[in-house]
Amino acid sequence: MKFIPAIDLKNNQCVRLEKGLENRLEVFNTNPIEQAKIFENLGCQRLHIVDLDEAFGRQNINKETILKIRNEISIPIELGGGIRTIEDIFFWKNKGIDFLVIGSLATKDRELVINASKKFIDSIYIAADVLENKIMIKGWVEDSKLTIDNLISNYSDSPIRGFIFTDISRDGLLSGLNINLIKDLFSKTNKNIIVGGGLSNYGDLENLKSVANKNKNLEGVIAGKSIYSGKIEIKTALQKFFL
């Protein structure tokens, strides 16, 4: 299981939203490139980047920043937010982004996503962004009309790498991971699962570690506000739960 810090980009700044709402935004670092280097230097083995502007339909605002991050760090990057065409997938893979997180597109064009997964082996995750059992898309503002069961069923027999699950109702609130829902995911698929949304303290990591001991396909946990606010120290977390 990997500890994966998140950089959410809006206007080329490192921010956090509450429950994905743009009007509930806090800026944590105006230099996301430096922030990425900090995470790498602290020993993190992967970085999670979300392009919020792209997710909300504003194009090309953060592209150069993402490319600079890719050039400045050596650890793998998983990127999500506004990847809605096959051209987007090819662009980012050709620029050296290791993993892509597909949300809206995965609810609309299963064949395209599966073909991309065959082209870029072990590189494509499906975003399972859940609010009250509904899969939300387009920056979490539109109901896809799919449930989490629908989405997982659509891709469990496909060549995708796995699913990235986010509990929107808890995201950015430091309210704790939804451990019961996370446990339930493993009865639905054998694909890798990365979880996020609500990580608040070391107790969450302790609970998640016990889940990982029973489910080897729990690939990682995404940490956002918990590390920016100091609730979780990265070095302590890595030493206690991930080494």
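## Lys-145 and Leu-174: positive phi

Lys-145 is exposed, at 67% relative accessible area (over 50% is exposed, under 20% is buried and in between is partly exposed, using a 1.4 Å probe and protein chains only). Lys-145 sits in strand β9, residues 142–147; strands here are DSSP runs of E with at least two residues, helices are runs of H or I with at least four, and both are numbered from the N terminus. Its phi is positive, about 75°, although Lys-145 is not a glycine. Most residues other than glycine have a negative phi.

Leu-174 is another non-glycine with a positive phi, this one about 55°. Leu-174 belongs to the loop between β10 (162–167) and α8 (179–185), and with a relative accessible area of 24% it counts as partly exposed.

A word on the ground rules: this is a predicted model, with local features needing pLDDT of at least 70, side-chain atom pairs counted only at pLDDT 80 or more, and totals for chains, interfaces and linings using all residues. Residues are numbered from 1 along each chain as its sequence is written, and side-chain values use heavy atoms, with hydrogens and water left out.

## Two buried serines

Ser-226 is in helix α10 (residues 225–228) and is buried, with 1% relative accessible area. Setting aside neighbours within four places in sequence, Ser-226 is in contact (heavy atoms within 4.5 Å) with Leu-174, Leu-199, Ser-200, Lys-231 and Ile-232. So Leu-174, the loop residue from above, turns up here as a partner of Ser-226. Ser-226 and Leu-199 are 27 residues apart along the chain, with 6.3 Å between their C-alpha atoms.

Then there's Ser-117, in helix α6 (residues 110–119). Ser-117 is also buried, at 1% relative accessibility. Leaving out neighbours within four places in sequence, Ser-117 has contacts with Ile-124, Pro-159 and Ile-160. Its C-alpha lies 15 Å from that of Ile-152, which is 35 residues away in sequence.

## Nonpolar cores

What makes up the largest nonpolar core? It has 65 residues, and Phe-3, Leu-47, Leu-100, Ile-102, Tyr-155, Leu-205 and Val-221 touch the most other members. Helix α11 (residues 234–242) gives the most to this core, with five residues. For the record, a nonpolar core is a set of buried Ala, Val, Leu, Ile, Met, Phe, Trp, Tyr and Cys residues joined through side-chain atoms within 4.5 Å.

A second, separate core has nine residues, including Phe-99, Val-101, Tyr-125 and Ile-194. Back to Tyr-155: not counting residues up to four places away in sequence, it touches Ala-106, Asp-109, Arg-110, Val-113, Ile-114, Ile-126, Ile-160, Phe-163 and Lys-191. Ile-160 is thus on the contact list of Tyr-155 and on that of Ser-117.

## Aromatic pairs

How many aromatic pairs are there in the whole structure? The search finds six, where rings of Phe, Tyr and Trp (its six-membered ring) pair if their centres lie within 6.5 Å, and planes under 30 degrees apart are stacked, over 60 edge-to-face and the rest tilted. The rings of Phe-99 and Tyr-125 have centres 5.8 Å apart and planes at 65°, so they make an edge-to-face pair. Since Phe-99 is in strand β6 (residues 99–102) and Tyr-125 in strand β7 (residues 124–131), the pair ties together parts that are 26 residues apart in sequence. Phe-99 is buried at 10% relative accessible area, and Tyr-125 is buried at 0%.

Elsewhere, ring pairs link Phe-28, Phe-39 and Tyr-228 into a cluster.

## Cavity and pocket

The structure has one cavity of 30 Å³ or more, with about 590 Å³ of space in it. Of its 41 lining residues, His-48, Val-50, Asp-129, Trp-140 and Thr-166 are closest to the centre. By class the cavity lining has 18 nonpolar, 15 polar and eight charged residues (Ala, Val, Leu, Ile, Met, Phe, Trp, Tyr, Cys and Pro count as nonpolar, Asp, Glu, Lys and Arg as charged, and the others, Gly among them, as polar). On a 1 Å grid over the protein atoms alone, a cavity is a set of points where a 1.4 Å probe fits but cannot get out, a pocket is an open set with protein on both sides within 12 Å along at least five of seven lines, and lining residues have an atom within 4 Å of a point. Volumes are the space filled by probe spheres set on the points, which are joined across faces, edges and corners.

The largest pocket holds about 240 Å³. It is lined by 16 residues, with Glu-54, Gln-59, Asn-60, Gly-82 and Asp-88 nearest its centre. The elements giving two or more residues to this lining are α3 (63–72), β5 (77–80) and α4 (86–94), and α4 has the largest share, three residues. The pocket lining splits into five nonpolar, six polar and five charged residues.
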